[in-house]
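Trainee: I would like to know how the labels used for a structure are justified. Can we go through some of them one at a time?

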Amino acid sequence: MKKSLIALITFTFYNFSTAQETIIFDNQSSVITTGVPFLLIAADARAAGMGDMGVATSVDAFSQQWNPSKYAFSEAQSGIAVSYTPYLSKLVNDIFLGNVTYFNRISERSAFAASFKYFSLGEIELVQDEFSQALVAKPNELTIDASYSLRLADQFSMAVGLRYLRSDLKIQGLDDSAKAASSVAVDISGFYQSEEEVYDSFNGRTRLGFAIQNLGPKIKYDDAGRESFLPTTLRLGGGFDFIFDDYNTLALTAEVTKLLVPTPPILGFVDTNGNGRQDGTEPTIVVEGKSQDVNFLKGIFQSFGDAPGGFSEEMKEFTWALGAEYRYDNSFAFRTGYFNESDDKGARKFFAIGAGFKYTTINIDMSYLFSASKVQSPLENTLRFSLTFNFGDGTYREY
């Protein structure tokens, strides 16, 4: 009994003294970071003009990025779309995001689509000294997507997408063994669009959508074992179309988004020798939150309850957006939107405006972004363009 009591007192004293010597690292960020973050950039001008949203908006050729299940509601037989987005245009002129998408509604109930997205980081010139020849590198990232959507009911469809990702950020001239990182990912989405309903002074239609995107294993950038999570994302949205007559329609949409990636924990170490520095025998420990050293599947579930700040911090990890689109005679559109992200999680806040024009089978869209945050957006004051060619427009009647 006496030995047990001494052991208990010793154990308690050790825990107490150890806790007193735990030192937390300074300047730790709670912003969630991932590999291939360019996947989160809106590639088309229509979505960008409404605050970077698209999971519950009406179908267009660029639905592949947001919710491919919408293709099952396309009135056009098929279409091809291209877009160009300058990035950091205030500083350089050779960083951009390009996108090409093709879709085909193959029957009343199904459709398929494919797309290619390319993100160029421009040219980087490296010079060792004044006598050495300059080494020019062109880092880039890309994805190749394919999706299939199926109408499960008259008003509801679902889709599955497969994505190949390649990130070539290493410089071969500095490391002969450097290789591009790659991975694969899956998207799952659904879309609901009601029948047109009659109200007192207008007709209306409800839209709902969800998408879980970039479900896949971590992407590995080097041989040392360092891996990064893909930007696995949950999107939920809803909207309503106010159909005033055959010429005038106003669509209002709201969307919330959350990264399904573990939150960085607060780290520290136990300063056993009291010198205030982390020595080789003093391992890093998680002081608050949970370790990010998990696989992507466990990370998805962990992301809903691992924020060091508890529930209030978890709620800050949701971004939200509001958008509106006015259409006249299905030939002209004016758009506006607002996007909001917590100051502690990236501080992306911006207003956007956009417009669209249709001439026969051609759609031209453009958008412009105004930052509303103290943190300057790399897309601020950037004009984005999209071009769409629809074939067999009116082959299917949905509205």
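Trainee: Why is the meeting of the Arg335 and Asp365 side chains called a salt bridge?

Mentor: In this predicted model, the N to O distance between the side chains of Arg335 and Asp365 is 2.9 Å. The rule asks for a side-chain nitrogen of Lys or Arg within 4 Å of a carboxyl oxygen of Asp or Glu, so the pair qualifies.

Trainee: What does the pair tie together?

Mentor: Arg335 lies in strand 19 (residues 332-340) and Asp365 in strand 21 (residues 362-371), so the salt bridge ties together parts that are 30 residues apart in sequence. Both Arg335 and Asp365 are buried. Salt bridges with shared partners also join these two with Arg46, Asp60, Glu325 and Arg327 in one network.

Trainee: How do you know that Lys258 and Glu314 form a salt bridge?

Mentor: Their side chains meet at 4.0 Å, N to O, and the cut-off is within 4 Å, so the pair is counted. Lys258 is in strand 15 (residues 248-259) and Glu314 in helix 5 (residues 311-316), 56 residues apart.

Trainee: Are Lys258 and Glu314 buried or exposed?

Mentor: Buried means under 20% relative accessible area. Lys258 has 1%, so Lys258 is buried. Glu314 has 6%, so Glu314 is buried as well.

Trainee: What makes Arg205 buried but Glu196 partly exposed?

Mentor: The relative accessible area of Arg205 is 9%, which is under 20%, so Arg205 is buried. Glu196 has 35%, which falls between 20% and 50%, so Glu196 is partly exposed. The two form a salt bridge, with their closest N and O atoms 3.8 Å apart.

Trainee: How many salt bridges are there by this rule?

Mentor: The count comes to 20 salt bridges.

Trainee: Which residues have the most contacts inside the largest nonpolar core?

Mentor: They are Val36, Phe38, Ile41 and Phe119, in a core of 22 residues. Leaving aside neighbours within four places in sequence, Phe119 is in contact with residues including Phe38, Ile41, Tyr87 and Ile95. A second, separate core has nine residues, among them Ala61 and Tyr71.

Trainee: Where does pLDDT stay under 50?

Mentor: Residues 1-20 stay under 50, and the model has one contact beyond four places in sequence for them. Where pLDDT is low, the predicted coordinates should not be read in detail. The protein chain averages a pLDDT of 86, and 88% of the residues score at least 70.

Technical notes: Residues numbered from 1 in each chain as written. Predicted model: local features only at pLDDT ≥ 70, side-chain atom pairs only at ≥ 80, totals over all residues. Heavy atoms only, no water. Core = buried A, V, L, I, M, F, W, Y, C linked by side-chain atoms within 4.5 Å. Buried < 20%, exposed > 50% of the residue type's maximum accessible area, 1.4 Å probe, protein only. Contact = heavy atoms within 4.5 Å. pLDDT = per-residue confidence, 0-100. Helix = DSSP H or I, 4+ residues; strand = E, 2+ residues; numbered from the N terminus.
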